[in-house]
Amino acid sequence: MSTRPKPKRRGLPRLLIAVVVLAAAGAGLWFWIQRDKAGAEDAYRTTPVERGDIRVAISATGTLSATSTVTVGSQISGQITEVLVDFNDKVVKDQIIARIDPSTYQAQIEQGDAQIAAARASLAQARATLQNAELDYRRKADLGAQKLVAQSDVDLAKATLDQARAQIASTEAQIRQQTAATQTTQVNLDRTVIRSPVDGVVLLRSIELGQTVAASMTAPELFQIAEDLSKMKIELSVDESDIGQVEAGQAVSFTADAFPDRQFRGVVEQVRLSATTTNNVVTYPVVVSVDNSDGTLLPGLTVNAEIEVSNRSNVLKVSSAATRYKPADAAGIPMATPGGAPRGGGLADDLEAVAASMTLTDAQRSAFDKAIAAVRARQQAGPQRAAGAAAPTAGGPGPGGFGAGAGASRGSDPAVQAQMRQRMTERFQQDFAGFTDLLDDAQKAQWNRALASLVGATRTTLYRLVDGRREAVQVRIGATDGTSVEVSGNIAEGDAIVIGERAPR
């Protein structure tokens, strides 16, 4: 019996060849796409959005001094007979620190006492004369009534009586005058003893033993006493462009050339309004209180200080170069629209954070949730329906009603920006009217401050690189340290932000 040979199976190799060809074509297409994508990405210089801290500080110079320095002078003239303290000596209040020759004033007091004694003797004599005049007048008045003496004699006796009474009044006034003069001399005698007016340390001694001080229009300076060197102050000169960021309570760090390896700390105590203009540069004095419990710091030291005006922790930040990138074809770059999972915080999220920081009742929280839901719904509706709540930006209004977009020139007009801020504020006041009606005064003040800060925030447009293509993203600018700037909005950590364009190869 013969057997027939099996036919060869040709279909399988052809299928394998087709698969290989398709795979090769797909790989080539993928490679081509990736090469184009890489080429597009290579055309731009980018920087990533990072999460970190931003510390903003203002630099200034100043001089250390005692919190209270008292200048001790002399109200009288004379020769210094004793100097009882020296530089750096500690003194207590009412301690005798110097003496002026008292002999002149002692002699004046003795002279005054003698004059008072003489006046008192004259007063006794005047009283005796008054008594005699009274008796003489009574006798002559009785005789005159009986027509035994002339009326002229009665009148003369009356005049003598009045003169005696006037003499007594004059002598008594003279005694009071001399007593007052003597008391003045006694005060000057007491002033020959110079006492410390406060507890402290002698910083300066301007007199020597035997020196003559002359007090005329102004009191001569004898000593300077620092009241308490355990607490000192710095008076910084802050430029007018920075003074708006400085307020009481801010932390200050400073160094002194005398202690180059140490850093000291203080707190802003006062921002004074007395501006100083030097070479057309306006500066304001800022007083910083410093704890010097260990006695290290010395009055008069020049310090270099940094006032910490802002310290933002764990925020999104990007290189400051990203805010300076302005493409020539900005009008043709599409605006990023929030969709799907949120890519970052927005104004509504910031308002959520403000509400979370407040202690709200259940009713207040319910009212807020209702209002914020309406705001978010308006955001999702798009820019046209949110035009009434658009925020000012260099690029004009954009999606969500919070400003975005590029190429709207009117956004750079300060008057237009102010109007847009006002409209936005009014819109939010309407949106959250039911919520704010339930707040107490303190909560309402906190909410209004936060809302004003958010509405008045500076906004700009960044350009994010996604799949080799740029898209405009509007963000809100926060604190900046000159290198990095805080950003918030439709942006997330890791986003590649364009900072420049590479020259074509």
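Two strands are taken to pair if DSSP finds at least two bridges between them. The views below are drawn from a predicted model.

**View 1. An open sheet of 4 strands with antiparallel pairing.** The strand order is β3-β10-β8-β5. The edges of the sheet are formed by β3 (69-73) and β5 (90-91), each of which pairs on one side only. Strand β5 runs antiparallel to β8 (residues 200-205), and 2 bridges join these strands. Within this pairing, Val-91 has Gly-200 of β8 as its bridge partner.

**View 2. Arg-464 and its salt-bridge partners Glu-471 and Asp-495.** The side chains of Arg-464 and Glu-471 form a salt bridge with an N to O distance of 2.7 Å. A salt bridge also connects Arg-464 with Asp-495, at 3.0 Å from N to O. Arg-464 belongs to strand β17 (residues 458-466), whereas Asp-495 lies in the loop between β19 (484-489) and β20 (496-501), so the pair ties together parts of the chain that are 31 residues apart in sequence. Both Arg-464 and Asp-495 are buried. Arg-464 counts as buried because its relative accessibility is 2%, and buried means under 20%.

**View 3. The salt bridge between Asp-294 and Arg-262.** The closest N and O atoms of this pair are 3.7 Å apart. The salt bridge links distant parts of the chain, 32 residues apart: Asp-294 is in the loop between β15 (281-291) and β16 (302-319), and Arg-262 is in strand β13 (residues 259-271). Asp-294 is exposed, with a relative accessible area of 52%, while Arg-262 is partly exposed, at 38%. In general, side chains of opposite charge can pair when their charged atoms come close.

**View 4. A salt-bridge network of Arg-55, Glu-306 and Glu-308, shown after the Arg-464 and Asp-495 pair.** These residues are joined into one network by salt bridges that share partners. The model has 20 salt bridges by the criterion applied.

**View 5. The largest pocket, with a volume of about 750 Å³.** The lining of the largest pocket comprises 31 residues. Those nearest the pocket centre are Arg-312, Asp-350, Leu-454, Arg-476 and Glu-486. At least two lining residues come from each of β2 (50-66), β16, α5 (347-357), α9 (441-455), β18 (469-480) and β19. By residue class, the lining of the largest pocket contains 13 nonpolar, 11 polar and 7 charged residues.

Terms used
Residues are numbered from 1 along each chain as its sequence is written. This is a predicted model: local features need pLDDT of at least 70, side-chain atom pairs count only at pLDDT 80 or more; totals for chains, interfaces and linings use all residues. Side-chain values use heavy atoms; hydrogens and water are left out. A salt bridge is a side-chain nitrogen of Lys or Arg within 4 Å of a carboxyl oxygen of Asp or Glu. Buried means under 20% relative accessible area, exposed over 50%, partly exposed in between (1.4 Å probe, protein chains only). On a 1 Å grid over the protein atoms alone, a cavity is a set of points where a 1.4 Å probe fits but cannot get out, and a pocket is an open set with protein on both sides within 12 Å along at least five of seven lines; lining residues have an atom within 4 Å of a point. Grid points are joined across faces, edges and corners, and a volume is the space filled by probe spheres set on the points. Ala, Val, Leu, Ile, Met, Phe, Trp, Tyr, Cys and Pro count as nonpolar, Asp, Glu, Lys and Arg as charged, and the others, Gly among them, as polar.
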